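Visitor: I've got a model to look at and a ligand to make sense of. Could you walk me through it?

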Amino acid sequence: MAAPSMDVLTSLCKRRGFIFPSSEIYGGFASTWDYGPFGSELKRNVREAWWRRVVWERPDVEGIDGAILMAPRIWEVSGHLASFTDPLVECKSCHQRFRPDLLEENRCPNCGSTDLTEPRQFNMMFKTFVGPVEDDASVAYLRPETCQTIFVNFENVLNTARPTPKLPFGIAQIGKAFRNEIVTGNLTFRTREFEQFELEYFCRPEDAPRLHQEWIQERLRWYVELGIHPERLRIRPHEQKELAHYAAACADIEYRFPDPLGWRELEGIANRTDYDLRRHGEGSGHPLEYFDEATGQHLVPYVIEPSGGVDRAVLVFLLDAYDEEEVRGEKRVVLRLHPLLAPLKVAVFPLKRNVPELVEMAKGIFGRLRPHMRAIYDDTGAIGRLYRRMDEVGTPYCITVDFQSLEDQTVTVRDRDTMVQDRVHVDELLLYLREKIPW
Ligand code: GAP
């Protein structure tokens, strides 16, 4: 089936504890969202999958975890104060504000008026004040992209990572970014507070075009290997006029979102040239260079940047995993999440909750699995109901302790996707699950 509508997914997210509107008991707040018990696990797993692939599995990438507040001068030097803007028009009738490029026939989507102000540039950075005095000297900004923390730490990482990095090498980071977006919506697709995973992969200028292509393919592979339908992904190179002020080339990995969104950016992979290191070198008076032992010369590396949104990736993993089918005349909703991403890896049930031996054995198994993987014990419904609930949150395996278990110490392990049940000895359960869920 095609990806579900945003409404269907939003309702599942609320009902099953993935994503709630933030500040809900106060009526919500400005397109902000909170992740619930299952959403927060899923999001952690997405971060973890990215970090493992981009940092742990590579000998040439180091990680950092930088501050959200940074010296305001950084945003001047990076070009964000001047150029990180969106055009904005205001309807003279109802005073709503819009991005003109998203309007049809230059008409206010709220009241239909065509009497709009001329577009003006609106800077998307959130301002705040540091310290007790709210004056111009204490203005600071919440970072609108995480990568600037990486650029300004280039030398610190070069000097401290062991062994000393040699080109090409990367610095990776996962963290919050903030943008005062004019248009938000579609659940977590575009919000004002969001998380990014960004890699800055430094290289010699002549290697940049090749490495750009390699990273585009590598990032596409990551999504496909984590279960995204390949036919719902595509690569879209940017046209010259779309390029950000720092980029020589960029390609987006796009996902086919449900209508009316359609094909939209999931992750961007840019060739940022030496723009950022050079600018910060000049702006700080502290050159950010790499000493090339082979030539005995200093050079400012180019950088390839795969930059994705954690929240947007979570949204795509949810949309893409959603499935409905008919089983024995009833609708079954199942999230076919990759086991590495699934919020719960396993659920343990006793066949009957009023048989103490079954309950005791099931709780014992739960206790043995719990230190190794996210697991739950549940006995609050009939087995069929418990299976359906776990299908809806994407739990790949359900273990049931039945009367045979009391005799031969085997239990059933039900596969979420096929609904086929294996009988496995309790002593082999951990190994059985480990093989199916590698970490
Ligand atoms: N450092 C480059 C950079 O920030 P970007 O294309 O503006 O590039 C990268 O952002 C990714 O961050 C996007 O592909 C998207 O997944 C995510 N992202 C950007 N703005 C977002 C927003 N307002 N809400 C949610 N995710 C966003």
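Guide: First, a term: a polar contact is a pair of N or O atoms within 3.5 Å; within protein, one must be able to donate a hydrogen and the other to accept it, and residues adjacent in sequence count only if both atoms are side-chain atoms. This is a predicted model, where local features need pLDDT of at least 70, side-chain atom pairs count only at pLDDT 80 or more, and totals for chains, interfaces and linings use all residues. Residues are numbered from 1 along each chain as its sequence is written, and side-chain values use heavy atoms, leaving out hydrogens and water.

Visitor: How far is a polar side-chain atom of E305 from a nitrogen atom of the ligand?

Guide: Q196 also has a polar side-chain atom by the ligand, 3.0 Å from an oxygen atom. For E305, the partner is a ligand nitrogen atom, and the distance is 3.1 Å.

Visitor: Which element gives the most residues to the shell around the ligand?

Guide: The shell has 21 residues, each with a heavy atom within 4 Å of the ligand. The one that gives the most, with 5 residues, is a strand (a DSSP E run of at least two residues, numbered from the N terminus): β13.

Visitor: Is V300 buried or exposed?

Guide: V300 sits in the loop between β15 (297-299) and β16 (302-309). Its relative accessible area is 12%. The cut-offs are under 20% for buried, over 50% for exposed and partly exposed in between, using a 1.4 Å probe and protein chains only. So V300 is buried.

Key: Helix = DSSP H or I, 4+ residues; strand = E, 2+ residues; numbered from the N terminus.
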